Amino acid sequence: MKSRLFYISLNLIIPGLGQLAMKAWTRAVIMIAGTIAALIWFFFEVLMQLLPLYRDDFSGDINIDVKYILLSLGLILVMYLWSIADAAWCHIETPKEEKEEKGQ
């Protein structure tokens, strides 16, 4: 069994990866799918604002709607924090692991 720090570090790479390693399949799929959906939403909001520049359509103003961009970034942050907190709280250490950490 791995240590709690191992699962937390996996979640720093991709939210839900630590849950996959802990074999908490449902939470892992929800976290990974939620993070991917929030990333797609973020890139959609950013790229849709830049599309008039790509088309050379400078006739109108470019209205950047920062609200949705920040909301999608906030959702990504929530997914990261949730996955890290879940890995820290839900990892159950066996008595053998506790003895190894104390050096016994």
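These are my notebook entries on a predicted model, kept in the order in which I looked things up.

**Entry 1: overall make-up**

I began with the secondary structure, and I counted 5 helices and 0 strands in the protein, which read along the sequence as the pattern α-α-α-α-α. I then turned to burial, and found that buried residues make up 26% of the 104 residues. For the accessible surface of the protein I noted a value of about 7,500 Å², with 69% of that area belonging to carbon and sulfur atoms. I also looked up how contacts are spread along the chain: of those with a separation of 6 or more, 65% are between residues 24 or more positions apart.

**Entry 2: helix α1**

Which residues of helix α1 are buried? In this helix, which covers residues 4-13, I listed Y7, I8, L10 and N11 as the buried ones. Looking down the axis of α1, I saw that these buried residues fall within an arc of 155 degrees, so they line one face of the helix. The buried residues of α1 pack against α2 and against α4, the latter spanning residues 66-90. On the face turned away from the buried side I found the exposed residues L5, L12 and I13.

**Entry 3: Q19 and its surroundings**

Next I looked up Q19, which sits in helix α2, residues 17-21. Is Q19 buried or exposed? I record Q19 as buried, because its relative accessibility is 0% and the cut-off for burial is under 20%. Setting aside neighbours within four places in sequence, I found Q19 in contact with N11, A24, R27, A28, M31, S83, D86 and A87. N11 in that list is one of the buried residues of α1 that I had noted above. With D86, the side chain of Q19 makes a polar contact of 2.8 Å.

**Entry 4: the salt bridge**

How many salt bridges does a search of the whole structure find? The search returned 1 salt bridge, and I found it between the side chains of D86 and R27, at 3.0 Å from N to O. The pair links distant parts of the chain, with D86 in helix α4 and R27 in helix α3, 59 residues apart. As general background to this entry, I note that side chains of opposite charge can pair when their charged atoms come close. I then compared the two partners for burial: D86 has a relative accessible area of 8% and is therefore buried, whereas R27, at 29% relative accessibility, counts as partly exposed. Both D86 and R27 also appear among the contacts of Q19, and I therefore read these two entries together.

**Entry 5: S72 in helix α4**

Staying with helix α4, I looked up S72, which is placed there. Its relative accessible area is 0%, so S72 is buried. Beyond neighbours within four places in sequence, I found S72 in contact with A38, W41 and F42.

**Entry 6: L70 and D65**

L70 also lies in helix α4, and here I found an exposed residue, with a relative accessible area of 54%. From C-alpha to C-alpha, L70 and E45 are 9.9 Å apart in space, while in sequence 25 residues separate them. I made the same kind of entry for D65, which is in the loop between α3 and α4 and counts as partly exposed at 29% relative accessibility. For D65 and Q49 I noted a C-alpha to C-alpha distance of 8.1 Å, with the two residues 16 apart in sequence.

**Entry 7: a nonpolar patch**

Which residues form a nonpolar patch on the surface? I found L39, F43, L47, L50 and L53 in the patch, and together they have about 450 Å² of accessible area. From this group I looked up L50, which is in helix α3, residues 25-54. L50 is partly exposed, with a relative accessible area of 43%.

**Entry 8: the backbone at K23**

Last, I looked at K23, in the loop between α2 and α3. K23 has a positive phi of about 65 degrees although it is not a glycine. With a relative accessible area of 60%, K23 is exposed.

Notes: Residues are numbered from 1 along each chain as its sequence is written. This is a predicted model: local features need pLDDT of at least 70, side-chain atom pairs count only at pLDDT 80 or more; totals for chains, interfaces and linings use all residues. Side-chain values use heavy atoms; hydrogens and water are left out. Helices (H or I, at least four residues) and strands (E, at least two) are DSSP runs, numbered from the N terminus. Buried means under 20% relative accessible area, exposed over 50%, partly exposed in between (1.4 Å probe, protein chains only). A polar contact is a pair of N or O atoms within 3.5 Å; within protein, one must be able to donate a hydrogen and the other to accept it, and residues adjacent in sequence count only if both atoms are side-chain atoms. Contact means heavy atoms within 4.5 Å. Patches are made of residues with over 30% relative accessible area and no salt bridge: like charges are joined within 9 Å, nonpolar side chains (Val, Leu, Ile, Met, Phe, Trp, Tyr) within 5 Å. Accessible areas come from the Shrake-Rupley method with a 1.4 Å probe; for residues, only the protein chains shown count as cover. A salt bridge is a side-chain nitrogen of Lys or Arg within 4 Å of a carboxyl oxygen of Asp or Glu. The arc is that of the directions from the helix axis to the C-beta atoms.
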